[in-house]
Amino acid sequence: MARADDFEQRRTHLADKSDEELFDYFWELAGRVVQPMLDAGKVYTTPAVERSVLLRMGFSSIEAKPIVDGLVERSLLGHGAGNTVWRLSEKLGVSVRQAGVALASGEHWELVPGLYEGGK
């Protein structure tokens, strides 16, 4: 079965755009495609997903578990474990690794809820 060649007809809305405009339009469309996935990631996460994020950030499973458990206990999992560790590292002026290990050891949890109020 031959496919109808309608390329010229479908590209009419792009014909007068410059390379720069096409580049910008591409990234606009890419953003529209990805946005629902980003939105879903903010709303639908699980402890397993958040532990996985921490593992990819270089934490061991022994370190990741208490961080995620701490977020679950405080109903903060939706903020993301990696985001939480990063924000804490920024607040404390230490590396992401140091902040995460501190949380895993039970330190600085009193600072975590404030990380999301009005930014860092």
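**Salt bridges, a surface patch and helix α6**

Let's start with R97, which counts as partly exposed at 40% relative accessibility. Keep in mind that this is a predicted model.

What is the partner of R97? R97 forms a salt bridge with E63. The closest N and O atoms are 2.7 Å apart. This pair links distant parts of the chain. E63 belongs to helix α4, residues 61–73. R97 belongs to helix α6, residues 96–104. In sequence, 34 residues separate them. Is E63 buried or exposed? E63 is at 16% relative accessibility, so it counts as buried. The cut-off here is under 20%. So this bridge joins a buried glutamate, E63, to a partly exposed arginine, R97.

How many salt bridges are there in total? The count comes to six. I'll show two others. R10 pairs with D6, and their closest N and O atoms lie 2.9 Å apart. R10 is partly exposed, with a relative accessible area of 45%. D6 is also partly exposed, at 28%. Then there is E8, which forms a salt bridge with R11. In that pair the closest N and O atoms are 3.6 Å apart. E8 has 54% relative accessibility, so it counts as exposed. R11 is at 31%, and that makes R11 partly exposed.

Back to helix α6. Which of its residues are buried? They are A99, G100, A102 and L103. Why do we say they share a side of α6? They cover an arc of only 160° around the axis, so they sit on the same side of the helix. There is a general point behind this. An α-helix has 3.6 residues a turn, so residues three or four places apart point the same way. What do the buried residues of α6 pack against? They pack against α4 and against α5, residues 81–92. Remember that α4 also holds E63, the salt-bridge partner of R97 in α6. Just after α6 comes G106, with a positive phi of about 95°.

Next, the surface. Where is there a nonpolar patch? V33, V34, M37 and L38 make one, of about 380 Å². Take L38 from that group. L38 lies in helix α2, residues 19–43. Its relative accessible area is 45%, so L38 is partly exposed.

Now move along the chain to T45. T45 is found in the loop between α2 and α3, and α3 covers residues 47–56. What does the side chain of T45 touch? It makes a polar contact with the side chain of E50, at 2.5 Å. Leave aside the neighbours of T45 within four places in sequence, and T45 is in contact with E50, L77 and G78.

One last residue, S52. S52 sits in helix α3. At 23% relative accessibility, S52 counts as partly exposed. How far is S52 from A64? They are twelve residues apart in sequence. In space, C-alpha to C-alpha, the distance is 8.3 Å.

To recap, here are some things to find in the model. Find E63 and R97, the bridge between α4 and α6. Find the buried residues of α6, set against α4 and α5. Find the nonpolar patch of V33, V34, M37 and L38. And find T45, with its polar contact to E50.

Note on methods:
Residues numbered from 1 in each chain as written. Predicted model: local features only at pLDDT ≥ 70, side-chain atom pairs only at ≥ 80, totals over all residues. Heavy atoms only, no water. Salt bridge = Lys/Arg side-chain N within 4 Å of Asp/Glu carboxyl O. Buried < 20%, exposed > 50% of the residue type's maximum accessible area, 1.4 Å probe, protein only. Helix = DSSP H or I, 4+ residues; strand = E, 2+ residues; numbered from the N terminus. Patch = residues over 30% accessible without salt bridge, like charges linked within 9 Å, V, L, I, M, F, W, Y side chains within 5 Å. Areas by Shrake-Rupley, 256 points an atom, 1.4 Å probe, with all protein chains shown as cover. Polar contact = N/O pair within 3.5 Å; in protein donor to acceptor, adjacent residues only side chain to side chain. Contact = heavy atoms within 4.5 Å. Arc of directions from axis to C-beta.
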